[in-house]
Structure formats: C-alpha cells, structure tokens
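This report describes selected features of a protein model, with attention to charged pairs, a buried histidine and the pairing of strands. The sequence and structure are shown first.

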Amino acid sequence: MRAALALLLLAAPLFAATTNNDDSCDIAVQPAATLLLPYFEVDLKSSDATTLVTIQNVSPKAVIANVTLWTDWGFPVINVPVHLTGYDVQGINLYDVIALGNLPPTECHAGNIAPSLLADVKGTLLTGGSSACHAPTGFFHLRAIGYATIDVVSSCAAKTGDLFSTLLYDNVLTGDYQQIQNDAAFGGPLVHIRAIPEGGAAGVAMATRLPHTFYERFMPDPLAQHADRRQPLPSAFAPRVLNSDALTLKSALKIWREGITAGTCTDARSNSSMPFVEAVRFDEHENATIGTSATGPSVTGAYLTTSPSLFPPVSGSDAGGWLYLNTGGQSWMTVTMLATPTYATEATAPALGNGCSPPAAKGAQIGPLP
C-alpha cells in the first residue's frame, strides 16, 4: 500500500500550472475584435490601382463591423458600418467606396454616400483638406492614401468620435487585403487585434490585464483609458531589406504608427512627422550605419528603404541587409521586396517584442533581452 502511494506521489505534479493563451500581447492571425489595414492606396481615376479588403465573421451570430478610413495623419474621414450575418464574408473594394461612393450592400445602408460627403472624402484623402477643419489633416497625394480600422460595434450608427459607447469585445472577425498597383499585386492578412477579456456589453468598463491598449488615447475617461481592451502593437522591428541597382533589387516598407495626438482638426499636424527613436542599417557583412534624421514617417505611408530622409544611408556594395527601427510607440510594418520586372513579395516585418514589452531606450541592446 505504501509503495503504491509513493508511486502515485512521484507521478503526480507538485502544482497545477495553467496558461491562458487568450491573455497575450502577442499579435496572431486569430479571430479578433479589431482589424487594422495599416496602409491603403487608391487611384481615384482608375480601378487598376486599388486596395481590396475582405472581412469574415467566424461566429454564428450576426455582427456589425465598423470600417473607419483615416488620413495619413490619423484623422478619421468616414465610417462605413457593415452588417455581417452569421458566418458571413464581405469584400470591399476601396475604389468603389472612395471614388464612386458605393457602400457594401448590407442591412446597415439604405443608400450610397451622398455626393457632397463623397466630395469631402475625396478631398480629405487627396489633399488633406476637410470641410470640417480649417487646418490640414493629411499630406497632398496624387492617390487616396490612408489606413483603415474595422471594429466590432453594437450599432450601425457607430462613430469613431464616440468609440467607447458602441465598441464591443467579441473576437469574431478575421480578414485580409490585396493591393493592386497596375501591373503588380500584393496581399496578406489584416492585423488581428484581440479584445482581452472577451465579451460584454457596449459602454461597460471592465478590467483588463493589458498594461496598454490599442485605442487608449481615444478613450474619454483617463481613469478607464484601457476600456477598449484591445491588444497593443509592438514598437521595434527588424525588417530585412534589398537594395541593388545592378541586380534591380529594391524594397519598401509600409509603416503604420500610433499618432502623438488623437488626430483632431487642430492637432493632426503633430502626426505628420514622427522621428524614429533609433534607426540602424546593417549590411550583409554586419557593418552598422546609424541614422540621425530629424524627420520621420507620418501615421501611415509606403517608403523605399533607400529613402535618405527617413533611413540610414546605404554604404558599401552589398545587395541587402536589414534595418533596426525603434519607433517608440505602437507600430506595424510590412516589407515589400521587388526584383523587377516580375518578382515581388510582401510580408510582415519581424517584431522585437510585443506591445507589452518595455520600451527600448536609445542606445539599448538591439534585439530581445537575454
């Protein structure tokens, strides 16, 4: 009897350990409460250059996904609530929305965008000028450029300026994007941002284990600044880059950054140029060049990695290398690699940590701590 009891004690664990994988700051392609399209580009004169977005509802219950288009300085331009039935999927061509004013045909819309509002949407995304503002809210572009957020909400009347009252916390959305640029196309998953904890009614504050949240600067009450419960995004990335004129190799970064301000009429300009905390270029022989630029990307944009105004200069003759970019705040980056005229790829840049990692100070060790 004693021998049997001793064997049982040896076989049993000394303590029970559990891991709640849903309480994670790691961003993964899993059903989420918010989807982020970090960058879109649409030629309003031709549908040959546009951005396509597809949203899926992986639950049996109907949900409303509020699509918000923002300028490259983080100013909200228009809301497009989309009603999704259970297990529904809805594709959106941003050319149809921005150029033609055609909204996705769901129960949230009785018609398309009114001509007067559509003209303002076009003007804001192309020139940064808005009829609602007396100050610029974005750069001047030949094409409509910005980013989009997609949130689970409780009402077709949801507005970005009143996020908390209609925001829901059901992790039920998945999605992807394709960007068509005349003779090239790129695509991948949207950024899936989960709500932690999941569930609950709109407008009800609930404690979260997240030290930071994706929308915290938009929450109205400083005491409940984490009320959105959305996972935060990382701040440091290590994208591999290509640059060789002889081999016709080049690469570009599509960068989304959290604005310094909430992007209102009066303060959107603050988000037009946000220098990196640190930028270092490594070639293929481990030689490092440190960037010292006083300018930086706006909230969203696409940039060649040889841009001298943003990134450390290229030195030597190596065909590529990698960049260490410490943005100092929530960010997302994708790398587009091109070998003209026929080869192209696009992928998420590796992140050094997640949104809950301590911020990397200037001069800190590059890469994860031991």
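## Buried charges and strand pairing

Asp-43 is buried, its relative accessible area being 15%, which falls under the 20% limit for that class. The model is a predicted one, and the values below are computed from it.

Asp-43 takes part in a salt bridge with Arg-143, with a distance of 4.0 Å from N to O. Because Asp-43 is in the loop between β1 and β2 (49-57) while Arg-143 is in the loop between α3 and β6, this pair ties together parts of the chain that are 100 residues apart in sequence. Arg-143 also forms a salt bridge with Glu-41, where the closest N and O atoms are 3.0 Å apart. This second pair likewise links distant parts of the chain: Glu-41 belongs to strand β1 (residues 34-42), and Arg-143 sits in the loop between α3 (115-127) and β6 (144-153), 102 residues away. Glu-41 and Arg-143 are both buried. Together, Glu-41, Asp-43 and Arg-143 make up a network of salt bridges.

In total the structure contains five salt bridges. Side chains of opposite charge can pair when their charged atoms come close. Three of the pairs are set out here.

| Acidic residue | Basic residue | N to O distance |
|---|---|---|
| Glu-41 | Arg-143 | 3.0 Å |
| Asp-43 | Arg-143 | 4.0 Å |
| Glu-346 | Lys-254 | 2.9 Å |

The pair of Glu-346 and Lys-254 leads to a sheet. Glu-346 lies in strand β18 and Lys-254 in strand β12 (residues 249-257), so their salt bridge ties together parts that are 92 residues apart in sequence. Glu-346 has a relative accessibility of 14% and therefore counts as buried. Lys-254, at 11%, is buried as well.

Both strands belong to an open sheet of four strands, arranged in the order β15-β12-β17-β18 with antiparallel pairing. The edges are taken by β15 (300-304) and β18 (343-348); each has a single partner strand, so one side of each is left without a neighbour in the sheet. On average, neighbouring strands of this sheet are turned by 15° against each other, direction ignored. Strand β17 (residues 331-339) is joined to β18 by six bridges, and the two run antiparallel. Within this pairing, Val-335 stands opposite Ala-347 of β18.

Strand pairing is also found among β2, β7 and β8. Nine bridges connect β2 with strand β7 (residues 173-181) in the antiparallel sense, and Thr-54 has Asp-176 of β7 as its bridge partner. Strand β7 pairs in turn with strand β8 (residues 184-189), again antiparallel, over six bridges. Here Gln-181 is matched with Ala-184 in β8. The hairpin of β7 and β8 has two residues between the strands, and Asn-182 adopts a positive phi near 60° in this hairpin. In general, strands of a sheet pair through backbone hydrogen bonds, either parallel or antiparallel.

A further buried polar residue is located outside the strands. His-109 occupies the loop between α2 (94-100) and α3. With a relative accessible area of 19%, His-109 is buried, because the class covers values under 20%. A polar atom of the His-109 side chain lies 2.6 Å from the backbone oxygen of Pro-81. Leaving aside residues up to four places away in sequence, His-109 touches Val-80, Pro-81, Leu-103 and Pro-104.

Conventions: Residues are numbered from 1 along each chain as its sequence is written. This is a predicted model: local features need pLDDT of at least 70, side-chain atom pairs count only at pLDDT 80 or more; totals for chains, interfaces and linings use all residues. Side-chain values use heavy atoms; hydrogens and water are left out. Two strands pair if DSSP finds at least two bridges between them. Axes are lines fitted to C-alpha atoms, for helices over the stretch in contact, and angles run from 0 to 180 degrees between N-to-C directions. A salt bridge is a side-chain nitrogen of Lys or Arg within 4 Å of a carboxyl oxygen of Asp or Glu. Buried means under 20% relative accessible area, exposed over 50%, partly exposed in between (1.4 Å probe, protein chains only). A polar contact is a pair of N or O atoms within 3.5 Å; within protein, one must be able to donate a hydrogen and the other to accept it, and residues adjacent in sequence count only if both atoms are side-chain atoms. Contact means heavy atoms within 4.5 Å.
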